[in-house]
Amino acid sequence: MTIYLNNAASGWPRAEGVCEAMTLTLQTPPFHPGRVAGGCADVLTICRRGIAELVDAPDPTRIVLTTNATHALNLAFWGVKLNDHAHVITTVTEHNSVLRPLHHVRERFPGLRLTILPTNATGALDEEQFDQALEREPTLVVINHASNVTGRVNEVEQLFQKAKKAGAMTLLDASQSLGSIPISVKKIQADLIAFTGHKGLHGPAGTGALYVNPSLELEQVFVGGTGVRSDLMLHPANMPMRLEAGTPNMPSFAGLAAALRWYQKEGAAHAQKATELANRFREALMNIPKVKVFDGTAKVCRTPVISIQIAGWAVEEIGYVLAESFGIICRTGLHCAPLIHQAIGSAPEGTVRFSFSGFNTELEMETALDAVRRLAA
Amino acid sequence: MKITEIKKIEDCFDGSTVYGYTFDAVWTQDRIQQFRTLGNLDYFPDFPRPFFRVCQKNGVQIKGIQGDNNCRVIYPQKQKEVRKKEFEEAFMES
Ligand SMILES: Cc1ncc(COP(=O)(O)O)c(C=O)c1O
């Protein structure tokens, strides 16, 4: 029996109806993507509506479908027209899908100032430094909603409010939060939000989205075929087509539509169960002497993600033993978030990360706990 | 016990390299115990599938699961190629 505790990497099992919807799409002659067929909304429209509803966005045409969160983030970074005079503020909690595009943008525009905010040892962002950075004419503030290493949720409502006051555009990386904690574009003053479909929503890989606030029009990065208005020389400028080009991944979006349907019915209870399991797991781990739980003490809002180290064991070795001997799948290393480890004290080797979903059971949590206890004995 | 396949798994941040080896036979308790002559053996017979780890003085680490026909070997940066050759030759002879 395999126990899957790597949901922060990709949610598994996939939600009810996902596999069937994908298979059916592959077995059915492809209709014209982006069109309304037979009076009912097509899969892409259903996905846009589903995501818009989930995040309280009034207009689904502001939801651009992408292949993943990384694609959405790149659309944002290259679309907001950064230049040599720009000042971008971000944090050490970011994933490489934020950090690397930003470094690439800076290679293109060497004058761009990049402020990377530190956290304290519990993973809390340094607000004083944030306030100071905001005094230096920020262009864009990019914040990870929830760390994929510690699970800690950044207080983005407050931070973005300040950023907007300072005149910056705001971009939220909601890869880890969508499906785990509520997100409302009405409460978070985000101009842009990057989502992924294959984590908290338990949809298929190859799906994601970018929310673009109606007050903002992004520069087009990818242009080409749209299936409509083929007479135009330039790519259409209206949303969401403005930022979507080429044939979409229809089987995966059919799967995402199913996942969104499932989430609408069961998402809240599912997320709550994951949080409860993770909280109990974390608390029990805190009582095992040789186990160090990263950011375990702080009483803060979190996604169901727990990072640990065990004295006497290399993290890579723990992952190997858990998988090969105990049948427990987790993840080890830096988790594509290279900067946070220095701050929380898990550098250089990173952590062993357990990430729960509502599909996990009490027994699975207890079994994983027992495995950690035996390693730490 | 002979090596049938060698696969490089990863280069680590500390300069070491991990290789995966597949053999023509599985690790039995007896074979694992023979490692005691090579270095410090940690053996965990109570795990659902017993795990072993051998740490040699020269920094080479061998890790595997009893009953599997494979293992991982970590070669430290220093004299990596020499250590790798030594390990592989040991399994050509036996
Ligand atoms: C915080 C964070 N941002 C971005 C990503 C990238 O997501 P995707 O795989 O959908 O591109 C991940 C995925 O691991 C993540 O955890």
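The following paragraphs look at a ligand and its surroundings, then at the two domains of chain A, and finally at the meeting of chain A with chain B. The structure is a predicted model, so the values below are computed from predicted atoms.

A good place to start is the ligand. It is surrounded by 13 residues, and the closest of them are A:T70, A:D173, A:Q176, A:T196 and A:K199. What kinds of residues make up the shell around the ligand? Ten are polar, two are charged and one is nonpolar. Some of the individual approaches can be followed atom by atom. An oxygen atom of the ligand has a polar side-chain atom of A:Q176 at 2.7 Å. The backbone also takes part: an N or O atom from the backbone of A:A69 is found 2.9 Å from an oxygen atom of the ligand. For a nitrogen atom of the ligand, the partner is A:S175, with a side-chain N or O atom at 3.2 Å. On its own the ligand has 400 Å² of accessible area, and the protein covers 90% of this.

Attention now turns to how chain A is divided. Its domain assignment gives two parts: domain 2 runs over residues 18-262, while domain 1 is made of two stretches, 3-11 and 267-376. Between the C-alpha centres of domain 1 and domain 2 of chain A there is a distance of 27 Å. Where these domains touch, domain 1 of chain A contributes 34 residues and domain 2 of chain A contributes 29 residues. Together they bury about 2500 Å², and carbon and sulfur atoms account for 57% of that area. On the domain 1 side, the residues that lose the most area to domain 2 of chain A are A:T303, A:L339 and A:I340, which together make up 21% of what that side buries. How many salt bridges cross the interface of domain 1 and domain 2 of chain A? The count is zero. Polar contacts, however, are found there, in 13 residue pairs.

The last interface to visit joins two chains. Here 13 residues of chain A are in contact with 18 residues of chain B. The area buried between chain A and chain B is about 1300 Å², with 57% of it on carbon and sulfur atoms. Within chain A, no other three residues supply more of the area buried against chain B than A:E316, A:Y320 and A:S325, whose share is 42%. A:E316 appears again in a salt bridge, where its side chain meets that of B:K63 with an N to O distance of 3.5 Å. Between chain A and chain B, the salt bridges number four. Five residue pairs are also in polar contact across the interface of chain A and chain B.

Note on methods: Residues numbered from 1 in each chain as written. Chains lettered and ligands numbered in written order. Predicted model: local features only at pLDDT ≥ 70, side-chain atom pairs only at ≥ 80, totals over all residues. Heavy atoms only, no water. Near = heavy atom within 4 Å. Polar contact = N/O pair within 3.5 Å; in protein donor to acceptor, adjacent residues only side chain to side chain. Areas by Shrake-Rupley, 256 points an atom, 1.4 Å probe, with all protein chains shown as cover. Nonpolar A, V, L, I, M, F, W, Y, C, P; charged D, E, K, R; others polar. Domains from an automatic or database assignment. Contact = heavy atoms within 4.5 Å. Buried area = accessible area lost by both parts, 1.4 Å probe.
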